[in-house]
Amino acid sequence: MKLFNKNKKNGAGKANNGKAKAEKKNGGNAFSRKFKKGTDAETGTVDTDTTKAADNLNNSDSPFAWTMSYLASFLSVEVGLPGDEGVDVKHSLPVPPTKEEIEELERKQRNKKILLAILCLAFLGVIAFLLVFFLLKKDTPNLLARSRIEILEDVLAPKVSPLEQLRDNSTAQHEAIMWFANDDPTYPELEGLSEDLIVSRYVSALLYISTGGKEWRQQLNFMSDSSVCEWNDGGAGEVEEGIVCDSDDAGRVDGIVVDINNLVGTLPTELTKLPYLKTLGFSSNKFVGTIPTEYGDMSSLIYLSVSGNALTGSLPEELAKLTNLESLRVHWNQLEGTVPIAYGEMSSLKIVHLEGNSFQGNLERSLCGRASPYQNFLSDCATRPEGNGKEEILAEVTCFCCTECCFDGASCQTLDKFNFSN
């Protein structure tokens, strides 16, 4: 028994000696945690619990300690004990994240949530913008259209149309400028476009819109994407109906003839802003109101016909300024009053039609006050004689220079067939 105990002690001693040699050779216990003089490497504080646990493990002869040492050696884990400097860690046990690392992780998560929220709001904003854009497209111009409107307003206001009318969405002027800015693809770029071309296109569109163009008997190519010089019937009849220009490139409108085409409303005053206009014809339509006094500003006008409408009022004295006018046709309306004396200064007049109205007075001092005869001059200067149970009706006007006298716009005959007096 003593021998057995002695051998057991010797065996244990040898084992301890071998273990001590192995620890010395490997630089310490392979399972011990790394410390530097018993101080935590990050915080600088001594981890006494860990140090004690390492000491107990180093001093233990239990099989558990041997097993853990073997596993640590197998996993190549080297963690130094206090006082073991310069020991490198090949593998280490999981270390909980520090406070700074946790805060950094939380900050990144918050940033991701904020970015996601911003992207969602941006997406919803784009959807809302597109929805509003398509719903209000007809009434609200886009950014490009606004710049086009500004260019058009600079040209048109106030010289052609008052700015208030251009911006009042209840007016034909507003509808015309909006069409030009938003719906007319003919001129994508308005910058550099001649003023004459802009004015002629706007005024032509306004003529169509303000006179009920959609109800015209013939559309005459109005509001198309071609030049206004092509807004006509192409000369299909004896007289070319629509708009005629002296130069397609410049857009200089010198003729507008739209007869018997169901035009309604009043005569557009903006037509006076076409400085090259020589011919203006609106016969046999449904115009009402008066002849605009502004028509006296069309100094280039040679031919003016507004016959066969429902115009009222008197002949504007301002028309006497049309010194180049050769043909004046205002017959078959509801005009009244006397013919202004100033009309005697219209020396270029060759053809005059006044019949079918309610004019009164003697034309001797006005239209008959010149020496040169007229090529064709008709008025209600006939007296209806008695007979067939009818009383004699005196002529409405006295006109010794007329080539034909009519009775109430009809039964016109040459002057020598009638007696006239007043």
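**A tour from the sheet to the helices**

Begin with the open sheet of nine strands, whose order is 1-2-4-6-8-10-13-15-16 and whose pairing is mixed; strands here are DSSP runs (E, at least two residues) and helices are DSSP runs (H or I, at least four), numbered from the N terminus, and two strands pair if DSSP finds at least two bridges between them. This is a predicted model, in which local features need pLDDT of at least 70 and side-chain atom pairs count only at pLDDT 80 or more, while totals for chains, interfaces and linings use all residues. Residues are numbered from 1 along each chain as its sequence is written, and side-chain values use heavy atoms, with hydrogens and water left out.

Select next the edge strands, strand 1 (242-247) and strand 16 (410-414), each of which pairs on one side only. Strand 1 runs antiparallel to strand 2 (residues 252-257) and is joined to strand 2 by five bridges, with glycine 242 opposite valine 257.

Within strand 2, select isoleucine 256, which, leaving aside neighbours within four places in sequence, is in contact (heavy atoms within 4.5 Å) with residues including Leu207, Gly242, Ile243 and Phe282.

Turn then to helix 7 (172-183) and helix 8 (195-210), whose axes, lines fitted to C-alpha atoms over the stretch in contact, come within 9 Å and cross at roughly 125°. Angles run from 0 to 180 degrees between N-to-C directions, and because those under 35 degrees count as roughly parallel, over 145 as roughly antiparallel, 65 to 115 as roughly perpendicular and the rest as oblique, helix 7 and helix 8 are oblique to each other. Among the residues that meet there are Trp179 and Phe180 in helix 7, and Tyr202 and Leu206 in helix 8.
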